[in-house]
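Reader: I should like to request a close look at a single part of this structure, set in the context of its surroundings. A connected account would serve me best.

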Amino acid sequence: MALWDRLSELELAVESTETERRSVDVSTEFTRVTTTLILRGRGEEGRGEDVTYNAEDHDWFPELDLRGPMSLSAFSAELDGLRLFREEPKMKASADYRRWALESAGLDLALRQNGLSLGGALGREYRPVRFVASMRGDAFAWLEHNPQLELKLDPNADWDRPLMERLAATGRVRVLDLKAYYSGTPVDLAPDPELYRAVAELFEDAVLEDASLDGECGEVLRGEAARLSFDAPIHSVADLLALPVAPGWLNVKPSRFGMVQRLLECIEHCDANGIRMYGGGQFELGVGRRHIQVLASLLYPEGPNDVAPGEYNTGPPRPGLPQSPLPTPEQVGF
């Protein structure tokens with residue numbers, strides 16, 4: 001039975017809704033804001049987190065008017081006609097992020113009202129989750145505190161060969177995110193064939209995420225398909241099939257898919273076609289981080305999952321942080 005088929009007929013009843021706003025000052029230039037949607041019914045609560053990046057887009061949240069019990073698939077269908085934002089959001093991807101908050105809250109509520117864990121509903125066992133720490137700061141400082149920490153790093157134009165050689169020599173870099181598909185964000189990185197050539201050569205076992213395959217960059221990475229991974233362009237199986245290469249990896253960020261069905265279909269496509277997976281996050285501040293860890297535990301626990309606990313995002317390198325792998329998260333709900 002397909003994964004979505006195991007969930008689609010779960011019944012849920014929504015009696016009231018509420019939202020909670022969270023924020024963290026990341027820098028003087030950026031405050032991370034997310035909204036948690038809470039669906040209540042039959043004495044249970046289901047929660048989902050909207051990871052839309054523009055703070056002003058969190059000033060308004062749609063109201064749900066759902067009458068009577070319904071299946072999870074019917075709940076999802078009800079959302080098709082829902083106005084998600086008062087005005088057009090700043091980023092096109094925000095529509096998927098908000099839809100995911102609604103869908104994940106509905107899934108959580110349906111599971112709780114039926115006394116099920118997600119693993120129980122899917123017929124999958126929870127397993128310990130290997131995670132990497134994703135950072136743009138001083139990787140060496142983090143490794144001083146935890147020499148066994150695995151890393152996901154964002155190369156940038158300031159990386160010279162001596163720095164890359166030092167990083168490669170640590171043996172701890174698992175993923176390099178080249179961010180070729182971002183535009184108008186603080187983390188944009190213009191495709192650079194010389195940088196691509198250097199990282200492909202020096203980090204010979206690392207996964208290369210979101211590399212441009214146009215022009216000379218594509219020539220540099222010819223023959224490296226088994227190491228390539230994609231993230232930002234992928235919102236569905238159709239997006240995966242539209243890539244100019246069959247990649248060896250996929251960074252699965254649930255919020256990019258918007259819908260539970262679309263997410264699970266893509267995961268099953270990867271399983272059927274030998275595409276290895278690892279989970280990714282969107283700087284979740286609330287329950288969304290738990291959700292990405294739970295999905296990793298059930299579906300791709302051994303990948304270089306970018307699902308580290310929130311403590312890794314909220315302070316300098318220090319002792320006492322949670323270690324990989326994360327313990328199995330068996331519980332009712334999502």
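Which residues does D271 touch, not counting residues up to four places away in sequence? Please begin there and continue to the surrounding elements.

Author: The model is a predicted one. In this model D271 touches R124 and M277, when residues up to four places away in sequence are not counted. D271 belongs to helix α11. Its relative accessibility is 43%, so D271 counts as partly exposed. A further relation concerns Y300, which is 29 residues from D271 along the chain; the C-alpha atoms of D271 and Y300 are 9.7 Å apart.

The helix that carries D271 comes next. Helix α11 covers residues 260-272, 13 residues in total. From the first C-alpha to the last it reaches 18 Å, close to the 18 Å expected at 1.5 Å a residue. The buried residues of α11 are V260, L263, L264, C266, I267, H269 and C270. After α11 comes G274, with a positive phi near 70 degrees.

Two of the buried residues of α11, V260 and L264, lead to the interior. Both are touched by L7, which also touches L72, L107, L118, A121 and L122, with residues up to four places away in sequence left out. L7 is, with L118 and F203, one of the residues that touch the most other members of the largest nonpolar core, a set of 90 residues. Helix α3 (residues 94-113) supplies the largest share of this core, namely seven residues.

M277, a contact of D271, falls within the range of strand β12 (276-279), an edge strand of the sheet. That sheet is open and has seven strands, in the order β6-β7-β8-β9-β10-β11-β12, with parallel pairing. At the other edge is β6 (133-135); each edge strand pairs on one side only. On average, neighbouring strands of the sheet are turned by 25 degrees against each other, direction ignored. Strands of a sheet pair through backbone hydrogen bonds, in a parallel or an antiparallel manner.

One pairing within the sheet may be described in detail. Strand β7 (residues 151-153) and strand β8 (residues 173-177) run parallel and are joined by three bridges. K152 has V175 in β8 as its bridge partner. Four of the five residues of β8 are buried, so β8 is largely enclosed by the rest of the structure.

Helix α12 follows as a second helix to set beside α11. Its 13 residues should span 18 Å at 1.5 Å a residue, and its end C-alpha atoms are 18 Å apart, which agrees. Eleven of the 13 residues of α12 are buried, so this helix is largely enclosed by the rest of the structure. The buried residues are G288, R289, H291, I292, Q293, V294, L295, A296, S297, L298 and L299. Q293 may serve as an example from this helix, which comprises residues 287-299. With a relative accessibility of 14%, Q293 counts as buried. Leaving aside neighbours within four places in sequence, Q293 is in contact with V129, V307, A308, P309 and L326.

Aromatic rings provide a further view of the interior. The count comes to seven aromatic pairs. One of them joins W100 and F334: the ring centres are 6.4 Å apart and the planes stand at 85 degrees, so the pair is edge-to-face. W100 lies in helix α3 and F334 in the segment after α12, so that the pair links parts of the chain 234 residues apart. W100 is buried, with a relative accessible area of 6%. F334 also counts as buried, at 3% relative accessibility.

A second pair consists of W159 and F203, whose ring centres are 6.5 Å apart and whose planes are at 40 degrees, so the pair is tilted. W159 lies in the loop between β7 and α6 (161-169), and F203 in the loop between α7 (193-202) and β9 (207-209), so the pair ties together parts that are 44 residues apart in sequence. W159 is buried, with a relative accessible area of 13%, and F203 counts as buried at 4% relative accessibility. F203 thus returns the account to the largest nonpolar core, where it is among the residues that touch the most other members. Finally, ring pairs link F131, W142 and Y312 into a cluster.

Definitions and conventions
Residues numbered from 1 in each chain as written. Predicted model: local features only at pLDDT ≥ 70, side-chain atom pairs only at ≥ 80, totals over all residues. Heavy atoms only, no water. Pairing = 2+ DSSP bridges. Axes fitted to C-alpha atoms, helices over the stretch in contact; angles between N-to-C directions. Buried < 20%, exposed > 50% of the residue type's maximum accessible area, 1.4 Å probe, protein only. Contact = heavy atoms within 4.5 Å. Core = buried A, V, L, I, M, F, W, Y, C linked by side-chain atoms within 4.5 Å. Expected span 1.5 Å × (residues − 1). Phe/Tyr/Trp six-rings, centres within 6.5 Å; stacked < 30°, edge-to-face > 60°.
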